[in-house]
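Q: Please pick one part of this structure and look at it closely. I am a first-year student, so go step by step and show how that part sits in the rest of the chain.

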Amino acid sequence: MPRLPRLTGTATAALALGLVAAAPATGHEPLVTEARVLAHFDLAAGQAPENIALDRDGSADLTFAFARQIAHVTPDGRTRIRATLPAVAHPATPLVHRAAVTGIARAQDGTLYVGYATGTDATGIWRLAPDGTAPRLIAALPADGLPNGLALDEQHGLLYAADSVRGTIWRVPRAGGTATAWATGRALAPLPAAPGHGFGANGLKVRRDSVWVSNSDRGTLLRVPVAPDGSAGPVETRADGLPGIDDFAFPGHGKSVLAALNSGSEVVLVQPDGTVTNLLTARDGLSNPTSVAVRGRTVYVPSAALTTRRDPNLLLSRLRHLIGRG
């Protein structure tokens, strides 16, 4: 989740939409092409898309943060609401001060898991069954935290959630139950309290024998190895100099990452050696992107428009070639 703007009511930049291919800063042949906005959303209705999970047919499930909704977008751009999480009487969510649906993860059977941050005892991980029954809280998380990125390790039956305020990665049994503080420390924590700061651990993915997480305040991409006994190993910094990094995705079988830089309205390629290449910008339709997903050669990027205040959307683009191992 990105940091919220000060409510001045003015946009910081105008965005030009269209089918413009984005070129890396190096001037070489672009890695992504055919950028286009698939669906536009209603910011006034709280439809700020925060996180994304993909289905096999190329459709996408999104969390609409401040509408408290889980939305489904078909491959042709039609949007319907799957579920709305229950309202809370007096939300006191740290940093954002209102209830927000955050990360989302999808199981093979179609079950969806989402983070819900409220500042109350409704804060935690909620499950939406494939049959569409009402979402249910399966694991409580601290009300004074802000659960953000969420990932499912289906092989081991575990969920991991990044807490942006407490600088913690929580681990929860997939079936629900007590949350455990799996990883903590300075690398996951936000910067000391100051205007514009407060978002530490944010985006999160499980990748083979490790958990990857971004730290928005510190502009870092981190890897936390999973030890043989399941405990967290030492946190490794895999890349830095990524201002406003939010969530991210692995576009291939290696360690390269596509990351959303929220504050700059960019998507970048982070290579295993830490090299960063710009791929998509506001010129392509990005408006404070919050996350990235990849299926085959198609890249999905939701934009929340919380600072630009213009055109929250879901953008698609196409990788020119698959990104290999590394």
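**The largest pocket and its surroundings**

A: Residues 24 or more positions apart supply 49% of the chain's contacts that have a separation of 6 or more. The model is a predicted one. Its chain has 24 strands and zero helices. Of its 326 residues, 57% count as buried.

The part to look at is the largest pocket. It holds about 1,200 Å³ of space. Its lining is made up of 36 residues. Nearest to the centre of the pocket lie Lys205, Val206, Phe250, Val294 and Arg295. Sorted by type, the lining has 19 nonpolar residues, seven polar ones and 10 charged ones.

Where along the chain does the lining of the largest pocket come from? At least two lining residues come from each of these strands: S2 (49-54), S6 (100-106), S10 (147-153), S14 (201-207), S18 (245-249) and S22 (293-295). Lys205 and Val206, both among the residues nearest the centre, have numbers that fall within S14 (201-207). Val294 and Arg295, also among those nearest the centre, fall within S22 (293-295).

Take S6 as one strand of this set. S6 gives at least two residues to the lining of the pocket, and six of its seven residues are buried. S6 also has a partner, strand S7 (residues 112-117): the two run antiparallel and are joined by five bridges. In one of the pairings, Ile104 has Val114 in S7 as its bridge partner. The two strands form a hairpin with five residues between them, and in this hairpin Gly110 takes a positive phi near 95°.

A second hairpin can be set beside this one. S20 and S21 run antiparallel and are joined by four bridges. Val268 has Asn278 in S21 as its bridge partner. Five residues lie between S20 and S21, and Gly274 in the turn has a positive phi of about 90°. S21 is mostly covered, with four of its five residues buried.

This second hairpin leads to the nonpolar interior. The largest nonpolar core has 17 residues, and Leu258, Val267, Leu279, Leu280 and Val292 have the most contacts inside it. Two or more residues of this core come from each of S1 (32-40), S19 (257-261), S20 (266-270), S21 (276-280), S23 (298-303) and S24 (313-319). A second core, separate from that one, has 15 residues, including Phe64, Ala71, Val73 and Leu316.

S23 and S24, which both contribute to the largest core, are joined by a loop that contains Ala305. Arg309 is in the loop between S23 and S24 too. Phi of Ala305 is near 60°, a positive value in a residue that is not glycine. Arg309, again not a glycine, has a positive phi near 60°. Are these two residues buried or exposed, or in between? Ala305 counts as buried because its relative accessibility is 0%, and the cut-off for buried is under 20%. Arg309 counts as partly exposed because its relative accessibility is 41%, which falls between the cut-offs of 20% and 50%.

Two further residues show how parts of the chain that are apart in sequence meet in space. Thr84 lies in strand S5 (residues 79-84). Thr84 counts as partly exposed because its relative accessibility is 37%. Thr84 and Gln69 are 15 residues apart along the chain, while their C-alpha atoms are separated by 4.3 Å. With neighbours within four places in sequence left aside, Thr84 is in contact with Ala67, Arg68, Gln69 and Pro135.

The other residue is Ser231, in the loop between strand S16 (220-225) and strand S17 (236-239). Ser231 is partly exposed because its relative accessible area is 31%. From Ser231 to Ala183 there are 48 residues in sequence and 8.3 Å in space, C-alpha to C-alpha. Apart from neighbours within four places in sequence, the contacts of Ser231 are with Trp182, Pro225 and Val226.

To return to the pocket: strand S6 helps to line it, and S6 is also one arm of a hairpin with S7.

Technical notes. Residues numbered from 1 in each chain as written. Predicted model: local features only at pLDDT ≥ 70, side-chain atom pairs only at ≥ 80, totals over all residues. Heavy atoms only, no water. 1 Å grid on protein atoms, 1.4 Å probe; cavity = no way out; pocket = protein on both sides within 12 Å on 5 of 7 lines; lining within 4 Å. Points joined across faces, edges and corners; volume = space filled by probe spheres on them. Nonpolar A, V, L, I, M, F, W, Y, C, P; charged D, E, K, R; others polar. Core = buried A, V, L, I, M, F, W, Y, C linked by side-chain atoms within 4.5 Å. Buried < 20%, exposed > 50% of the residue type's maximum accessible area, 1.4 Å probe, protein only. Pairing = 2+ DSSP bridges. Contact = heavy atoms within 4.5 Å.
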